[in-house]
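Student: Could you take me through the sheet in this one, and through whatever packs on it? I'd like one connected account.

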Amino acid sequence: MEVPNPIDNSYLIHRKWMTVAIEIAQKAGEAGEVPVGAVIVDNEGKLIATGENRRERDKDPTAHAEILALRAAGQQLQSWHLNHCTLYVTLEPCPMCAGAIILARLGLLVYGVDDPKTGSIRTVANLPDSACSNHRLPVLGGIMESVCREQLQSWFAERRKRP
């Protein structure tokens, strides 16, 4: 994976929005959810929507951060076409979320850390580049990777300590 030039303005913008996603993930973790946060911004840098994992609270297997952010963005923009938007998410999307992101025709996906169990963007599967994809999704992975990894690892370590 190519390491972006830290002086590059777009890299600084990606770090800014990933920091927001990390803060949202922290809130999810504090609420007992796996700490994953998502942020959607438009091409002008305007915050459109956010999402955090809510599966436990909502008793909904589809209540992933990415899905909730996509739903909120669609409502905010009154369109499911998000080709002029960027989604920032702390963890590589699973198959369900990758499919929804592709169907939304997202302009860019930026994620923090690879998911070696269910990552469906580059790690376990590569849905954006597969024959089943009707949209060629631009992807940038590894933004603030160590921070995103540490957040998840700390949360899971804490859960394992509990009786």
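Tutor: Sure. The sheet is open and has 5 strands, in the order E2-E1-E3-E4-E5, with mixed pairing. Keep in mind that this is a predicted model. At the edges stand strand E2 (47-52) and strand E5 (139-141); each has a single partner strand, so one side of each is left without a neighbour in the sheet. From one strand to the next, the twist averages 15 degrees.

Now move inward. Strand E1 (residues 37-42) runs antiparallel to strand E3 (residues 85-91), and the two are paired over 5 bridges. If you want a spot to find on screen, go to Ala 38, whose bridge partner in E3 is Val 89. Then look at what lies against the sheet: helix H5 (residues 145-161) packs on it, touching E3 as well as strand E4 (108-113). The direction of H5 makes about 60 degrees with that of E4.

Next come the aromatic rings. The count of aromatic pairs comes to 1. That pair is Trp 155 with Phe 156: the ring centres are 4.9 Å apart and the planes sit at 85 degrees, which is over the 60 degrees cut-off, so the pair is edge-to-face. Both residue numbers fall within the H5 range, 145-161. As for how covered the two residues are, Trp 155 has a relative accessible area of 14%, under the 20% limit, so it counts as buried. Phe 156, with a relative accessible area of 33%, is partly exposed, because that value lies between the 20% and 50% limits.

Definitions and conventions: Residues numbered from 1 in each chain as written. Predicted model: local features only at pLDDT ≥ 70, side-chain atom pairs only at ≥ 80, totals over all residues. Heavy atoms only, no water. Pairing = 2+ DSSP bridges. Helix = DSSP H or I, 4+ residues; strand = E, 2+ residues; numbered from the N terminus. Axes fitted to C-alpha atoms, helices over the stretch in contact; angles between N-to-C directions. Contact = heavy atoms within 4.5 Å. Phe/Tyr/Trp six-rings, centres within 6.5 Å; stacked < 30°, edge-to-face > 60°. Buried < 20%, exposed > 50% of the residue type's maximum accessible area, 1.4 Å probe, protein only.
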